[in-house]
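Grab a pencil and work through these exercises with the structure open beside you. Try each task on your own before you read its solution.

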Amino acid sequence: MSDLADLYQQVILDHNRRPRNRGKLPTANRVAHGDNPSCGDQCSVYLRLDGDRIGDISFDGSGCAISQASASLMTTQLKGKTAAEAEKLFGEFRDIVTTGNAPEEISDIGAFAGVHAFPARIKCATLGWHAALNALKGDPVTATTETHKD
Amino acid sequence: MPDWNNVRADFPILHQQVNGKPLVYLDNGATSQKPRRVIDALVHYYERDNSNVHRGLHTLSMRATDAYEGARARVAKFINAADSAEVIFTRGTTESINLVARSWGHAHLKPGDVVLTTEFEHHSNLIPWQQAAKAAGATLKFVPLLGADGEGGLDLAALDTLLTPQVKLFAFTHISNTLGTINPVTELCRRARAVGAVTVIDAAQSVGHAPLDVRQIGCDFLAFSGHKMCGPTGIGVLYGRRALLDKLAPDETGGGIVVSVTYQDATWKPAPERFEAGTPNVAGAIGLAAACDYLDALGRDKIAAHDDTLVRVAMEKLSALPGIRIIGPRAGAERSGLVSFAFTGVHAHDVVTFADEDGIALRGGHHCNQPLMRKLGLTSTTRASFYLYNTVEEIDRLVASLQRILKFFGP
């Protein structure tokens with residue numbers, strides 16, 4: 001049960017029950033869609049870029065608690081960031097979910113460290129991030145978990 | 001009746017702990033476990049008889065050939081085919097259906113023709129027909145599924161309008177891997193025959209679970225896999241009526257299928273060799289024959305009754321869980337030994353991860369049935385699928401695990 005408790009941290013359960021920034025963003029000027037064909041999880045990310053910064057961001061879709069909570073938490077972290085900052089943060093997030101090591105000073109995304117013990121779920125945790133990065137790049141192609149390594 | 005606890009002793013894999021709990025294997029719709037008898041048959045073949053078939057004149061080759069052709073005869077008997085030559089060994093259901101779709105489709109489908117299938121086929125009995133219809137300029141049509149939860153089964157009234165003389169082929173599943181629905185295959189074949197349509201049955205979920213007789217059903221083609229019926233992976237069967245097979249060109253060509261070859265051309269052996277280019281899966285066929293022996297020694301009618309007992313208990317207990325939506329036939333109605341369900345607010349993947357922590361193997365996802373999921377307004381379900389070695393106690397463990405999950409994710 002300890003691995004499972006690590007996987008489903010309170011912060012993750014909270015974001016799953018009460019997702020932040022969920023729904024279409026009427027002012028969005030970028031959108032990208034991600035899907036995980038192995039399980040049918042879907043996530044769309046809507047961005048409003050103000051200059052080179054993310055002025056506003058939202059997501060919608062359907063999937064497991066891990067994918068939905070991750071996308072929800074991601075939107076709270078990316079608001080106000082530049083594309084370069086977003087990519088750097090994703091790098092840190094990916095390290096956390098693949099190694100299980102979360103630096104102490106890191107924000108709530110450290111709650112996803114427990115994912116590393118469930119390799120099959122890493123794709124769930126990164127789905128929303130991939131869609132967000134595609135949206136930032138202006139890449140309308142659907143991000144799919146089958147073409148990236150995590 | 002067999003002593004079902006003795007049956008469990010036949011399956012070495014079942015006697016292990018997963019995450020500290022005794023394994024409860026409820027993913028039989030994906031693949032079944034293998035009895036000692038099947039494993040021993042594979043070991044015996046590789047340790048004693050391994051050789052190439054149909055080509056050698058030495059002792060081992062003759063032994064391997066006898067065992068391989070013996071396996072074909074055994075499988076023919078298992079489905080009551082009139083002739084062993086009607087049994088083609090393939091990699092599995094998918095390859096079997098693709099073989100018909102390409103060989104038969106290429107020879108017979110023309111623009112304006114209709115290929116008919118149903119709204120709840122596994123992708124392996126959908127995409128090959130999409131491809132065949134596109135290649136020929138034919139149209140693909142679907143017999144609707146009735147009910148908001150798919151509980152009504154095939155719309156047999158709609159079949160009257162859909163089964164026109166333009167329908168050249170009707171492909172349908174025997175048992176839905178997602179809904180548990182059992183199709184009235186004999187009636188479907190009779191009605192297809194009346195308009196001259198060729199029938200193809202996906203029997204992947206049925207052949208190892210109940211008696212099956214291709215002549216009584218009256219189908220033209222029938223496909224299944226060994227691994228879902230206690231046999232090895234990588235071996236499957238395409239049954240085809242001899243009269244149809246003899247007129248069909250091979251889909252895959254190469255060694256072992258030819259009578260005479262020149263630099264420019266080749267002529268084909270009759271079925272089944274015509275459709276088995278290259279060195280076949282000899283060990284797999286032998287293992288499959290051992291699985292046929294195993295299942296028939298227990299009695300497939302008794303296995304069907306056991307599946308039925310389990311699924312009735314499961315339907316009753318699962319129906320009582322809060323927020324559950326079960327798709328397919330309603331409780332009490334006829335269904336095969338599997339149940340697919342979704343919970344409000346808890347995703348199938350979270351259910352499967354939690355159940356695994358309790359040592360229970362389930363399947364979560366779209367079950368290779370994306371269009372059906374979309375039609376039912378779902379993205380995924382959790383599926384528990386039963387077989388001869390499962391017990392009522394295991395269903396109790398499943399229900400207890402699901403209760404724990406609901407409590408964890410509850411408000």
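**Exercise 1. Find what the buried residues of α2(A) pack against.**

Solution. This is a predicted model, so treat each step as reading a prediction. Start with helix α2 of chain A, residues 10-17, and pick out its buried residues: Ile12(A), His15(A) and Asn16(A). Next, look along the axis: these residues sit on the same side of α2(A), because they cover an arc of only 100° around it. Finally, see what that group meets: the buried residues of α2(A) pack against α3 (65-78) of chain A.

**Exercise 2. Work out how chain B is divided and which elements of domain 1 touch domain 2.**

Solution. Step one is the split: domain 1 takes 4-26 + 299-409 of chain B, and domain 2 takes 40-296. Step two is the spacing, with the C-alpha centres of the two domains 28 Å apart. Step three is the contact, to which domain 1 of chain B gives 23 residues and domain 2 of chain B gives 22.

Now look at the domain 1 side. The elements giving two or more residues there are α11 (300-319), β15 (324-327), β16 (338-343) and α13 (370-375) of chain B. The largest share, five residues, is from α11(B). Sorted by class, this side has nine nonpolar, six polar and eight charged residues.

**Exercise 3. Describe the side of chain B that touches chain A.**

Solution. Begin with the numbers: eleven residues of chain B are in contact with 13 residues of chain A. Then ask which element gives the largest share of the chain B side: helix α12 of chain B (residues 348-357) does, with five residues. Last comes the class count for that side, which is two nonpolar, seven polar and two charged residues.

**Exercise 4. In the largest nonpolar core, which residues touch the most other members?**

Solution. The core has 121 residues, and the ones to circle are Val75(B), Ile79(B), Leu222(B) and Ile286(B). Helix α10 of chain B (residues 282-298) supplies the largest share of this core, twelve residues. Both domains of chain B join in, each giving at least three residues.

Zoom in on Val75(B). If you skip residues up to four places away in sequence, Val75(B) touches Val87(B), Val237(B), Leu288(B), Ala289(B) and Cys292(B). Another core lies apart from the largest one; this other core has 41 residues, among them Ala65(A), Leu78(A), Phe90(A) and Ala111(A).

**Exercise 5. Sort the residues of β19(B) by the way they point, then find the strands joined to β19(B).**

Solution. First, recall the pattern: in a regular strand, side chains alternate between the two faces of the sheet. Now check β19(B): Thr381(B), Arg383(B) and Ser385(B) point one way, while Thr382(B) and Ala384(B) point the other way. Are these residues buried or exposed? Five of the five residues in strand β19 (residues 381-385) of chain B are buried.

Next, the neighbours. Four bridges join β16(B) to β19(B), and the two run antiparallel; here Ser340(B) stands opposite Arg383(B). Strand β18 of chain B (residues 363-365) is joined to β19(B) by three bridges, also running antiparallel, and Gly364(B) has Thr382(B) as its bridge partner.

**Exercise 6. Do the sorting for β4(B) and find its antiparallel partner.**

Solution. In strand β4 of chain B (residues 87-90), Val87(B) and Phe89(B) point one way, Ile88(B) and Thr90(B) the other, and all are buried. Four bridges join β4(B) to β12 (residues 236-240) of chain B, and the pair runs antiparallel. Across that pairing, Thr90(B) stands opposite Gly236(B).

**Exercise 7. Explain why Ile201(B) and Ser225(B) count as buried, and list their contacts.**

Solution. Take Ile201(B), in strand β10 (residues 198-202) of chain B. Ile201(B) counts as buried because it has 28 C-beta neighbours inside 10 Å, and the cut-off is 20 or more. Leaving out neighbours within four places in sequence, its contacts are Phe172(B), His174(B), Val185(B), Cys219(B) and Leu222(B).

Now take Ser225(B), in strand β11 (residues 221-225) of chain B. Ser225(B) is buried because 30 other C-beta atoms lie within 10 Å. With neighbours within four places left out again, Ser225(B) is in contact with Gly92(B), Thr93(B), Ala204(B) and Gly236(B). One last distance: Ser225(B) and Phe89(B) are 136 residues apart along the chain, yet their C-alpha atoms are separated by 9.7 Å.

Note on methods. Residues numbered from 1 in each chain as written. Chains lettered and ligands numbered in written order. Predicted model: local features only at pLDDT ≥ 70, side-chain atom pairs only at ≥ 80, totals over all residues. Domains from an automatic or database assignment. Contact = placed C-beta atoms within 7 Å. Nonpolar A, V, L, I, M, F, W, Y, C, P; charged D, E, K, R; others polar. Core = buried A, V, L, I, M, F, W, Y, C linked by C-beta atoms within 7 Å. Buried ≥ 20, exposed ≤ 12 C-beta atoms within 10 Å, placed from the backbone. Arc of directions from axis to C-beta. Pairing = 2+ DSSP bridges.
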